[in-house]
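Let's walk through this structure together, starting from the empty space inside and moving out to the packing around it.

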Amino acid sequence: MFSPAKLGPLTLRNRIIKAATFEAASPDALVTDDLINYHQRPAAGGVGMTTVAYCAVAPGGRTDGWQIWMRPEAVPGLRRLTDAVHAEGAAISAQIGHAGPVANSRTNKARALAPIRFFNPLSMRFAKKATREDIKDVMEAHANAARLAIDSGFDAVEIHLGHNYLASSFLSPLLNRRTDEFGGSLENRAKVARGTVQSVVRAVNGQIAVTAKLNMSDGVRGGISHEESLQTAKWLEEDGGLDALQLTAGSSLVNPMYLFRGDAPVKEFAGVFKPPISWGMRMTGKKFLREYPYHDAYLLRDARQFRAELKMPLILLGGITNRETMDKAMAEGFDFVAMGRALLAEPDLLNRIQQDRTVKSLCTHCNQCMPTIYRHTHCVVTGAPDR
């Protein structure tokens, strides 16, 4: 677990990746000292690589208007960020993607895109049905974002194909009811994901590592199924160019807790929003934020079949909080593990685990960190990180 490992052209100092979790530290859609500190802490704490969340490929592809979008003006700040992480001995990845129907067109001040015309209750706006030209533009925007990531000193990019963001929404038979070449069969619905990955692979040309985050299941009836996701993963493997695939689950639109597991912080989420959204959250929040029991390595059961049928390196996410679950992931054939909430609670957790394998995470899976993404992402159990 703690020995160096190859990820495409990159060698990480260990097999542990800090997963992309929105930092709420870029109020002007640019890097701040706060964002640098957010990633410098787990880098100093021992991760092999940290992932900067939601580096949108276009202004309309953000889930909110204060997220970074990849443009030349962002490069100097991103370079400061990558230099700071490298100084701690860790690598750094940029998660690039387009939020699609999850995008907040109100705060982005730009039209959102979706497979069909779609109403987003959080933004109280309709997303536009993406045209062929829109899809082509988004693919090229991913390629441009990857080139800017190289200019900014990133070691890798992670392409977001999950959580019903744009590529994932096209994969979903629930959200994609098109009848053209991007709808109907899985082969058609997968064209956006596959085309996006290949655009990035061509742009990168082996200079940095390329990974992707793919839903194994949306966790909702009629959404992406385990079987269809596995077939999509096989196509991505056959297409070539991906250095690893990170396996995830859940829908930001209809079932976010399917990814997180543990307590559902309905009251805390309602407190973040203004009426009428806060009223709706209090009345219907338990239907949207469904509660799933937490257990260690909770996505492992679904991920096993992917490991059995794919040759490419795989990253196991979900409930990786201690040395025991890390070792179990390795024993089951996974090449890397990704950690989110545990490192938010204790950025130095890995250094302490490396010194003492019996160390346990302080994360209680209360998920009250989730509503903090609207002001400054932090763990409410251990306290906010220093700004």
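The largest cavity is lined by 14 residues, and Arg341, Cys363, Cys366, Cys369 and Cys379 lie nearest its centre. A cavity here is a set of points on a 1 Å grid over the protein atoms alone where a 1.4 Å probe fits but cannot get out, and lining residues have an atom within 4 Å of a point. The space in this cavity is about 90 Å³, a volume being the space filled by probe spheres set on the points, which are joined across faces, edges and corners. Its lining has nine nonpolar, four polar and one charged residues, where Ala, Val, Leu, Ile, Met, Phe, Trp, Tyr, Cys and Pro count as nonpolar, Asp, Glu, Lys and Arg as charged, and the others, Gly among them, as polar.

Please keep in mind that this is a predicted model: local features need pLDDT of at least 70, side-chain atom pairs count only at pLDDT 80 or more, and totals for chains, interfaces and linings use all residues. Numbering runs from 1 along each chain as its sequence is written, and side-chain values use heavy atoms, leaving out hydrogens and water.

Now for the packing. The largest nonpolar core (buried Ala, Val, Leu, Ile, Met, Phe, Trp, Tyr and Cys residues joined through side-chain atoms within 4.5 Å; buried means under 20% relative accessible area with a 1.4 Å probe, protein chains only) has 122 residues. Leu81, Ile96, Leu161, Leu245, Met326 and Met339 touch the most other members. Another core, of ten residues, lies apart from it and includes Ala99, Ala112, Phe118 and Leu253.

Note on methods:
On a 1 Å grid over the protein atoms alone, a cavity is a set of points where a 1.4 Å probe fits but cannot get out, and a pocket is an open set with protein on both sides within 12 Å along at least five of seven lines; lining residues have an atom within 4 Å of a point. Buried means under 20% relative accessible area, exposed over 50%, partly exposed in between (1.4 Å probe, protein chains only).
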